[in-house]
Amino acid sequence: MVAQGSRVRVLVADDHPIYREGIVRAVNERPDLELVAEAAEGLEAVEEIRRLRPDVAVLDIRMPGLDGTQVLGKIRGDGIDAKVLFLSAFLEPELAYRTVAAGARGYLSKEASRQEICDAIAAVARGGTAFAPEVQEGLQSAVRDRGRSDGAPSLTEREHQVLRLIAEGLTAPQIGKEIHISPATVKTHLRTLYDKLGVSDRAAAVAEAMRRGLLE
């Protein structure tokens, strides 16, 4: 997680030059963000992420060489914990579900404004999530298609509150302020949630909770 006040180191990968240049320009204009590299296809993105270890990798879902989901798989296989924010021209519910379950921290439509994308980069770098409303709808559709799981874990009322707030993208301090507990206590609840859901991070917790019918 990026420390408060530090600039977020960003890699942007997209095979459409004009679109990529727009994102790069927006990142360069933000004082809280620092562009460290850009890539035009998936293999190049993996090489640059391995070399530079950015805080956030902004990846097009559809790229030549390797697509965005394959890039995520490669870097996770290498033990690189760069946060991944996906951009997609087409919202595919099943694909959105799979990327979130694999550890993506954000999934935005390419129709999002440059400011929205930069705000999302900053949010995921500091431990939050960023999912466009239409992507949330797509995830819910994927969950409905899979059906509810019979083995939903039993959560306390407080755990349900924390789960709902991480699904909304709030950080631990923000959650603590919202429900009047300390950030340390929030983190304790998060660890318990991860154990109950069998996951290791927030984005996967949200995806698994949706799959099990714990979030409506």
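How are α7 and α9 oriented to each other? Let's start there and then walk through the rest of the chain, keeping in mind that this is a predicted model. The axes of α7 and α9 come within 10 Å and cross at roughly 90°. An angle from 65 to 115 degrees counts as roughly perpendicular, and α7 and α9 are therefore roughly perpendicular to each other.

You can pick out the side chains where these two helices touch. From α7 come R158, E159, V162, L163 and I166, and they meet H189, L190, T192, L193 and K196 of α9. Sorted by class, the contact of α7 with α9 holds 5 nonpolar, 2 polar and 3 charged residues.

Now step back for the whole view. The protein chain has 10 helices and 6 strands. It runs to 216 residues, and 54% of them count as buried. The chain exposes about 10,200 Å², with carbon and sulfur atoms supplying 48% of that area. How do the contacts spread along the sequence? Take the contacts between residues at least 6 apart in sequence: 67% of them join residues at least 24 apart.

Back to α7, which has another partner. Helix α7 covers residues 157-167 and helix α8 covers residues 172-179, and their axes come within 10 Å while crossing at roughly 130°. That angle makes α7 oblique to α8. The crossing of α7 and α8 is right-handed. On the α7 side, look for R158, Q161, V162, L165 and I166, which meet I175, E178 and I179 in α8. By class, this contact of α7 with α8 has 5 nonpolar residues, 1 polar and 2 charged. If some of the α7 names sound familiar, that's fair: R158, V162 and I166 are among the residues that meet α8, and R158, V162 and I166 are also among those that meet α9.

Just past α8 there is a residue worth a stop. H180 lies in the loop between α8 and α9. Its phi is near 65°, a positive value in a residue other than glycine. Is H180 buried or exposed? With a relative accessibility of 72%, H180 counts as exposed, because the cut-off for that label is over 50%.

Follow the chain onward and you reach one more helix pair. Helix α9 spans residues 183-197 and helix α10 spans residues 202-211; their axes come within 10 Å and cross at roughly 50°. That makes α9 oblique to α10. Here the crossing is left-handed. L190, Y194 and L197 of α9 make the contact together with R202, A205, E208 and A209 of α10. The residues in this contact of α9 with α10 divide into 5 nonpolar, no polar and 2 charged. L190 is one to remember, since it is one of the α9 residues in this contact and also one of those that α7 meets.

Let's head to the earlier part of the chain. L52 sits in helix α2. Setting aside neighbours within four places in sequence, L52 is in contact with R9, V36 and A37. L52 and V10 are 42 residues apart in sequence, yet their C-alpha atoms are 9.7 Å apart in space. Then comes R53, in the loop between α2 (42-52) and β3 (56-60). R53 has a positive phi of about 50° although it is not a glycine. At 46% relative accessibility, R53 counts as partly exposed.

Two more residues round off the tour. T99 has its place in helix α4, residues 93-101. Its relative accessible area is 2%, so T99 is buried. Which residues is T99 in contact with, leaving aside its neighbours within four places in sequence? They are I61, T69, L72, F86, A104 and Y107.

A122 is found in helix α5, residues 114-125. At 13% relative accessibility, A122 counts as buried, because buried means under 20%. Leaving aside neighbours within four places in sequence, A122 is in contact with R30, D32 and L33. A122 and R9 are 113 residues apart in sequence, but 9.8 Å apart in space from C-alpha to C-alpha. And R9 is a name you've already met, as one of the contacts of L52.

Methods
Residues numbered from 1 in each chain as written. Predicted model: local features only at pLDDT ≥ 70, side-chain atom pairs only at ≥ 80, totals over all residues. Heavy atoms only, no water. Axes fitted to C-alpha atoms, helices over the stretch in contact; angles between N-to-C directions. Helix = DSSP H or I, 4+ residues; strand = E, 2+ residues; numbered from the N terminus. Parallel < 35°, antiparallel > 145°, perpendicular 65-115°, else oblique. Left-handed = near helix turned anticlockwise from the far one by under 90°. Contact = heavy atoms within 4.5 Å. Nonpolar A, V, L, I, M, F, W, Y, C, P; charged D, E, K, R; others polar. Buried < 20%, exposed > 50% of the residue type's maximum accessible area, 1.4 Å probe, protein only. Areas by Shrake-Rupley, 256 points an atom, 1.4 Å probe, with all protein chains shown as cover.
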